[in-house]
Amino acid sequence: MMNQIRKIPSIPCERVSRSIQWPRTDLLELLGITHPIIQAPMGGVSGPALVAAVSNAGALGSLGCGPLPIHGARHQVQEIQRASNRPFNLNFFAHPAPRIDAQAAGRVRARLAFYYGLLGLGSVPEPSDPLPRFDEERLELILEVRPRVISFHFGLPPATAMAQIKRAGCIVLSSATTVAEAKALEAQGADAIIAQGVEAGGHRGTFTSGDGVGLVGTMALVPQVVDAVRVPVIAAGGIADGRAIAAAFALGASGVQIGTAFLGCPEAAVSDVYREA
Ligand SMILES: Cc1cc2nc3c(=O)[nH]c(=O)nc-3n(C[C@H](O)[C@H](O)[C@H](O)COP(=O)(O)O)c2cc1C
């Protein structure tokens, strides 16, 4: 991992426009890091070992707290703190309660019944909210730990929670998959925007609906978001080496968020088969 970080090429930057400046340091100063790389939060796979290793290497490690029960998140934060005194990021999901349409659910269950039977899985379960939502307990954890960075997926929490998080001194990031989402996040107080293209592994943080939402590629999205907001922009989606990081900077990004490429690290909590693939 250290080798990968050191291999990033640098571009001479005296007296050039914002779009091709290197290194652009606004994000480094904001997050208190040395390398403009955020290891993406990846629920279930970016555990404390990976977070601490990345943060200790001078980039920003991110713990994917989204799917974790609250006691699991607290335990993993303590593990990070034992292994690193560098800035790190705690990531949560800010999605609203899902509206379950009984008729659609019935249709889906009927379609799945054949496959459940084929695989001997029993009856198809009723749909439910599969992930914990951002709540008072999670807010309390943030206010107790006061990590340098908090990132949200699927929008941002309500204004009262945002105010408390920012009063606690945390820098808040969130993902946008369109220009409109980026503007909305900035208006709601995000300190930097992650412009997440369709190439992104895992799931996209889309939180609005409409044509093309979540389908814009990273190379097209990043410069549009850079032009639309005043806060630093972090490029995410399909970035896996120094060339792509340089390209993101050339498009105006101040940093990159990388997920899939970190799955090959020995510290990632994935099985050997997954890592190999
Ligand atoms: C396995 C996996 C799990 C992910 N889980 C999360 C998550 O819990 N929260 C989040 O904000 N982003 C999550 N993401 C998306 C990343 O934040 C990031 O946008 C994406 O990995 C960037 O694209 P890349 O994988 O091509 O580098 C996940 C990505 C992967 C690959």
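**Helix 7**

I began on the outer side of helix 7, where Ala 159, Thr 160 and Arg 167 are exposed. I kept in mind throughout that this is a predicted model.

Which residues of helix 7 are buried? I found Ala 161, Met 162 and Ile 165, in a helix that covers residues 159-167. I then looked down the helix axis. The buried residues fall within an arc of 100 degrees, so they line one face of helix 7. The general rule is worth a note here: an α-helix has 3.6 residues a turn, so residues three or four places apart point the same way.

What covers the buried residues of helix 7? I listed helix 6 (136-145), strand 4 (149-153) and strand 5 (171-176) among the covering elements.

I also checked what comes after the helix. Gly 169 follows helix 7, and its phi is positive, near 95 degrees.

**The cores**

I turned to the nonpolar cores next. The largest one has 59 residues. Which residues have the most contacts inside it? They are Phe 152, Ile 165 and Ile 193. Ile 165 I had already noted as one of the buried residues of helix 7.

Another core lies apart from the largest one. I noted 13 residues in this second core, including Leu 60, Leu 173, Ile 234 and Ala 236.

I pulled up the contacts of Phe 152, leaving out residues up to four places away in sequence. The list includes Asn 91, Phe 92 and Ala 94, then Phe 134 and Pro 157. Phe 152 also touches Ile 165, and a run from Val 172 through Leu 173 and Ser 174 to Ser 175.

**Ser 174**

I followed Ser 174 from that list. Ser 174 lies in strand 5. Is Ser 174 buried or exposed? I read a relative accessible area of 0%, so Ser 174 is buried.

How far apart are the C-alpha atoms of Ser 174 and Phe 152? I noted 4.8 Å, for two residues that stand 22 residues apart along the chain.

I then took the contacts of Ser 174, again without residues up to four places away in sequence. Ser 174 touches Phe 152, Gly 155 and Leu 156, and also Leu 185, Ala 192, Ile 193 and Ile 194. Ile 193 had come up before, among the residues with the most contacts in the largest core.

**Positive phi outside glycine**

I looked up two residues here. Arg 146 is not a glycine, yet its phi is positive, about 45 degrees. I placed Arg 146 in the loop between helix 6 and strand 4. Arg 146 counts as exposed, at 52% relative accessibility.

Phe 154 is also a residue other than glycine, with a positive phi near 65 degrees. I found Phe 154 in the loop between strand 4 and helix 7. Phe 154 is buried, with a relative accessible area of 18%.

**Salt bridges**

How many salt bridges are there? I get seven. I went through three of them.

Arg 109 pairs with Glu 126, with the closest N and O atoms 3.2 Å apart. Arg 109 lies in helix 5 and Glu 126 in the loop between helix 5 and helix 6, so the bridge ties together parts that are 17 residues apart in sequence. I have Arg 109 as partly exposed, at 26%. Glu 126 is exposed, at 56%.

Lys 166 and Asp 191 meet through their side chains, N to O at 3.1 Å. Lys 166 brings me back to helix 7, while Asp 191 sits in the loop between helix 8 (179-187) and strand 6 (192-196), so this pair ties together parts that are 25 residues apart in sequence. Lys 166 is partly exposed, at 32% relative accessibility. Asp 191 counts as buried, at 18%.

Arg 243 bridges to Asp 241, with the closest N and O atoms 2.7 Å apart. I noted Arg 243 as exposed, with a relative accessible area of 67%. Asp 241 is partly exposed, at 30%.

**A surface patch**

I finished on the surface. Which residues make the nonpolar patch? I listed Val 108, Leu 112, Phe 114, Tyr 115, Leu 118, Leu 119 and Leu 121. The patch comes to about 750 Å². I checked Val 108 on its own. Val 108 lies in helix 5, which runs over residues 102-118. Val 108 is partly exposed, with a relative accessible area of 45%.

Methods: Residues numbered from 1 in each chain as written. Predicted model: local features only at pLDDT ≥ 70, side-chain atom pairs only at ≥ 80, totals over all residues. Heavy atoms only, no water. Patch = residues over 30% accessible without salt bridge, like charges linked within 9 Å, V, L, I, M, F, W, Y side chains within 5 Å. Areas by Shrake-Rupley, 256 points an atom, 1.4 Å probe, with all protein chains shown as cover. Salt bridge = Lys/Arg side-chain N within 4 Å of Asp/Glu carboxyl O. Helix = DSSP H or I, 4+ residues; strand = E, 2+ residues; numbered from the N terminus. Buried < 20%, exposed > 50% of the residue type's maximum accessible area, 1.4 Å probe, protein only. Core = buried A, V, L, I, M, F, W, Y, C linked by side-chain atoms within 4.5 Å. Contact = heavy atoms within 4.5 Å. Arc of directions from axis to C-beta.
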